[in-house]
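Subject: Handover of a structure and findings

Dear colleague,

Please find the structure below, handed over for your records. The findings follow directly after it.

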Amino acid sequence: MTFDAFPFCSNYVIMVTMFFTVSVINNYALNFNIAMPLHMIFRSGSLIANMILGIIILKKRYSASKYLSIVLVSVGIFICTIMSAKQVNVEKGATEEDVFYAFVHWLLGIAMLTFALLMSARMGIFQETLYKKYGKHSKEALFYNVSP
């Protein structure tokens with residue numbers, strides 16, 4: 001038997017790689033001054049990421065009410081992110097350079113969360129294209145797809 005005899009094998013490797021990357025980056029971002037509430041709220045931005053990538057990759061169009069909803073959710077996430085930036089942990093008596101380093105460290109954590117959010121949305125689109133190509137088979141989906 002060849003590798004081509006199992007069309008899901010290569011797709012399975014891609015799915016596992018995407019899932020592993022998203023999981024590791026999301027967990028590692030907590031080491032970059034990202035508070036747990038911000039982490040959870042930021043991950044709720046999957047609506048935004050799914051819509052943006054759906055428009056770019058799948059050429060989807062949405063109703064005006066869906067765009068408005070996404071804008072409102074985005075504003076909420078943005079406000080939460082900005083407010084949490086004021087709470088970046090810095091030791092008492094820290095120099096201005098230490099404060100700057102802590103803020104840059106926090107920005108790196110936000111960048112990691114953003115990347116993981118977009119990668120997770122891309123993984124969802126990849127799953128959708130697999131369903132279109134091979135059909136929805138619930139038992140296989142449980143084996144091949146792991147939701148984050």
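In what follows, a residue is called buried under 20% relative accessible area, exposed over 50%, and partly exposed in between, with a 1.4 Å probe and protein chains only. By that scale E128, with a relative accessible area of 26%, is partly exposed; this residue returns below in the account of the salt bridges.

Two remarks on the basis of the work are in order. The model is predicted, so that local features need pLDDT of at least 70 and side-chain atom pairs count only at pLDDT 80 or more, whereas totals for chains, interfaces and linings use all residues. Residues are numbered from 1 along each chain as its sequence is written, and side-chain values use heavy atoms, with hydrogens and water left out.

Overall architecture

The protein has 6 helices and 0 strands, and its elements run α-α-α-α-α-α from the N terminus. Helices (H or I, at least four residues) and strands (E, at least two) are DSSP runs, numbered from the N terminus. Of the 148 residues, 29% count as buried. The accessible surface comes to about 10,000 Å², and carbon and sulfur atoms hold 68% of it; these areas come from the Shrake-Rupley method with a 1.4 Å probe, and for residues only the protein chains shown count as cover. Among contacts (heavy atoms within 4.5 Å) with a separation of 6 or more, 75% join residues 24 or more positions apart.

Nonpolar core

A nonpolar core is taken as a set of buried Ala, Val, Leu, Ile, Met, Phe, Trp, Tyr and Cys residues joined through side-chain atoms within 4.5 Å. The largest one has 28 residues, and I34, F42, W106 and I110 touch the most other members. Two or more residues each are given to this core by α1 (7-28), α2 (36-43), α3, α4 and α5. The helix that gives the most is α5, with 12 residues. As general background, nonpolar side chains tend to be buried together in soluble globular proteins.

Not counting residues up to four places away in sequence, I110 touches I34, L38, F42 and T81. A polar residue also deserves mention: N26, in helix α1, is buried, with a relative accessible area of 5%. Leaving aside neighbours within four places in sequence, N26 is in contact with H39, R43, L113 and A116.

Salt bridges

A salt bridge is defined here as a side-chain nitrogen of Lys or Arg within 4 Å of a carboxyl oxygen of Asp or Glu. The whole structure contains 2 of them. In one, K60 pairs with E128, the closest N and O atoms being 3.4 Å apart. Because K60 lies in the loop between α3 (46-57) and α4 (64-85) and E128 in helix α5 (residues 96-134), this pair ties together parts that are 68 residues apart in sequence. K60 is partly exposed, at 30% relative accessibility.

In the other, K132 pairs with E128, with the closest N and O atoms 3.7 Å apart. Both K132 and E128 lie in helix α5, 4 residues apart, or about one turn of the helix. K132 counts as exposed, at 62% relative accessibility. K60, E128 and K132 are thus linked in a network of salt bridges.

Aromatic pairs

Rings of Phe, Tyr and Trp (its six-membered ring) are paired if their centres lie within 6.5 Å; planes under 30 degrees apart count as stacked, over 60 as edge-to-face and the rest as tilted. The search of the whole structure finds 3 aromatic pairs. Among them, Y28 and F32 are edge-to-face, at 5.3 Å centre to centre with 70° between the planes. Y28 is partly exposed at 46% relative accessibility, whereas F32 is buried at 9%. Y62 and Y67 have ring centres 6.1 Å apart and planes at 90°, so this pair is edge-to-face. Y62 is partly exposed at 23%, and Y67 is partly exposed at 32%.

Surface patch

Patches are made of residues with over 30% relative accessible area and no salt bridge, like charges being joined within 9 Å and nonpolar side chains (Val, Leu, Ile, Met, Phe, Trp, Tyr) within 5 Å. V71, V75, F78, I79, I82 and M83 form a nonpolar patch on the surface, with about 550 Å² of accessible area together. One of these residues, I79, lies in helix α4 and is partly exposed, with a relative accessible area of 47%.

With kind regards
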